[in-house]
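Student: Got a minute to walk through this one with me? I'd like the quick tour.

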Amino acid sequence: MKKYLIGFAKLVVSLGIGVGIVYWFVGQMSDAEKQEVVSDIKRANYLWVILPVIMGLISNYFRSQRWRLLLRPLGYTPSMFNTFFSVMIMYFLNLFFPRLGEVSRCGVLSRYENVPMDKAIGTMVLERVVDVLCLGIITLALIIFERNKFLQLKDLVSAKSAETAAKYQINPTTKYGVMAAVLVLIFAFLAYRVKKQGLQVLIGEIKERVTGLLNGLLSIKDIGSPWQFVFHTCMFWVCYFFMGYLCFFMFPETSTLPMVTALMCLAFSAIAFSLTPGGLGLYPIFMQLIVGIYGVTGSAAISYGWVSWSAQTASVLGGGVLSLLLLAIFNRE
C-alpha cells in the first residue's frame, strides 16, 4: 500500500509541475500572441508532422531489435512483435506514470515470452546506460562546437527569469528561501534514510547499484553480434534526430534552420521528458528557446514546440493503445 501511495504522490507532483508550467506559459502570452499561435497551427504543413511520427515508429523497431540482441546471450529469443509492442507500451505508460513503462515492458516479455523478470530488467538497465552515454556524447560535442549558442541560451534564460521575477515581484529573499527549502528537504530525506537503514547500509546500497551498472556495461562483450548492437543503437538515435529535423519543415520560418539545431533540440528534449511526464509543459518551452537562439522568434517558435509535442504525444497514445490490442490478438492462446 505504501508503494502505491508513493507512486501516486510522484505522479501527482510530476503532473502538477507540468500542468503548472503550461498554465504559467499560457498566462504569459497576450491575446494577440494566442491568436497568432492558433493561426500558425492552422497553417502548418502536416505532412511534416506525419513523417516524424513514422520515424518514431521506426526508432522503436530498432530499440526492440537491440533489446532482443541483449536477451539472446541469456538464452531467450522473444518474438519481434511482442518486443516491439512492449516498447510501444513502455512509452504509452510513461506518459501517465513516469518510469512505470520500463518495468511494464519487462513484464510483457515475462508474461508472453517467459523471460524472467530479473533478466529482462537487467538488460533494460543496460539499454538505459548505453542511451545515457550516447546522449552524453552528443551533449558534450554540442558544448564544444556550439559553445556560443549555449552562452546565448544562458543569457536568454537569465533575461526571461529576470522578466518573470519582475512581473511577479519575486524578490531575492523569496528566491533564496525556496532554494534553501529544497536543500533542507534533500538533507532531511538523506537523514531519514541514514536513520532508517544506517550509513553503512546506505553506502553499500549505492556501491551495489554502481557496481551493477558497471557489470551491465561490461556484459556487452558477451553479445554475439556487437556490430549489430552498434548499428541498431546508431539507427535509433538517427531516427530520433530526424524526428526533430523533419518537424522544422512544418513552418517556413523554421524550414531553414541548420541540422545542428535538431541535435540541440534532441539533447534538451531528453531533459524535458525526464522532468515531466511526456515532457508536458517543458518540451514546448525548451524548443522555443532552442529555435530562438538560431534566429526563429515570435509565434512560429512557440507553435513549433507545441505542434511537434502534440504530434509525438498523440502518436504515443495511439501507438500504445493499438499495441495493447495487438498484443492480446497476437497472443490469443
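**Asn114 and its surroundings**

Tutor: Start at Asn114, which is exposed, with a relative accessible area of 62%. Bear in mind that this is a predicted model.

Student: Where does Asn114 lie?

Tutor: In the loop between H5 and H6. That puts Asn114 just after H5.

Student: What about the phi of Asn114?

Tutor: Near 60°. That is a positive value, and the residue is not a glycine.

Student: Back up a bit. How many helices and strands does the chain have?

Tutor: There are 13 helices and zero strands. Buried residues make up 39% of the 333 residues. Among contacts with a separation of 6 or more, 75% join residues 24 or more positions apart.

Student: And the surface of the chain, what does it come to?

Tutor: About 18,800 Å² is accessible. Carbon and sulfur atoms hold 71% of that.

Student: OK, H5. How far apart are its end C-alpha atoms?

Tutor: They are 18 Å apart. H5 has 13 residues, and at 1.5 Å a residue the expected span is 18 Å, so the two agree.

Student: Which residues of H5 are buried?

Tutor: Gly101, Glu102, Ser104, Arg105, Cys106, Val108 and Leu109. Their cover includes helix H3 (47-71), H4, helix H6 (117-145) and helix H13 (299-330).

Student: Glu102 is charged. What does Glu102 form a salt bridge with?

Tutor: Arg128, with the closest N and O atoms 2.5 Å apart. Arg128 is in helix H6 and Glu102 in helix H5, so the bridge ties together parts 26 residues apart in sequence. Glu102 has 5% relative accessibility, so it counts as buried, under the 20% cut-off. Arg128, at 26%, counts as partly exposed.

Student: Why would such side chains pair at all?

Tutor: Opposite charges can pair when the charged atoms come close.

Student: How many salt bridges does the count come to?

Tutor: Seven. Some are linked in a network of Arg63, Arg66, Arg105, Glu127 and Asp131.

Student: Take Glu127 there. Is Glu127 buried or exposed?

Tutor: Buried, with a relative accessible area of 0%. Glu127 meets Arg66 in a salt bridge at 3.2 Å, N to O. That pair links helix H6 to helix H3, 61 residues apart. Glu127 also meets Arg63, at 3.9 Å. Arg63 is in helix H3 as well, 64 residues from Glu127.

Student: And those two arginines, Arg63 and Arg66, buried or exposed?

Tutor: Arg63 is buried at 2%. Arg66 counts as buried too, at 0%.

Student: Switching to the greasy side. Which residues touch the most other members of the largest nonpolar core?

Tutor: Phe248 and Tyr304, out of 63 residues in that core. Elements giving two or more residues to this core include H3, H5, helix H10 (226-247) and H13. Another core lies apart from it, with eight residues, among them Phe84 and Phe92.

Student: What is Phe248 in contact with?

Tutor: Setting aside neighbours within four places in sequence, its contacts include Thr254, Leu257, Pro258, Cys265, Val291 and Tyr304.

Student: Last one. Which residues form the nonpolar patch on the surface?

Tutor: Phe96, Phe97, Leu100, Val103, Met117 and Leu317. Together they have about 450 Å² of accessible area. Phe97 sits in the loop between helix H4 (80-94) and helix H5 (100-112). Phe97 is partly exposed, at 38%.

Note on methods. Residues numbered from 1 in each chain as written. Predicted model: local features only at pLDDT ≥ 70, side-chain atom pairs only at ≥ 80, totals over all residues. Heavy atoms only, no water. Patch = residues over 30% accessible without salt bridge, like charges linked within 9 Å, V, L, I, M, F, W, Y side chains within 5 Å. Areas by Shrake-Rupley, 256 points an atom, 1.4 Å probe, with all protein chains shown as cover. Salt bridge = Lys/Arg side-chain N within 4 Å of Asp/Glu carboxyl O. Helix = DSSP H or I, 4+ residues; strand = E, 2+ residues; numbered from the N terminus. Buried < 20%, exposed > 50% of the residue type's maximum accessible area, 1.4 Å probe, protein only. Expected span 1.5 Å × (residues − 1). Contact = heavy atoms within 4.5 Å. Core = buried A, V, L, I, M, F, W, Y, C linked by side-chain atoms within 4.5 Å.
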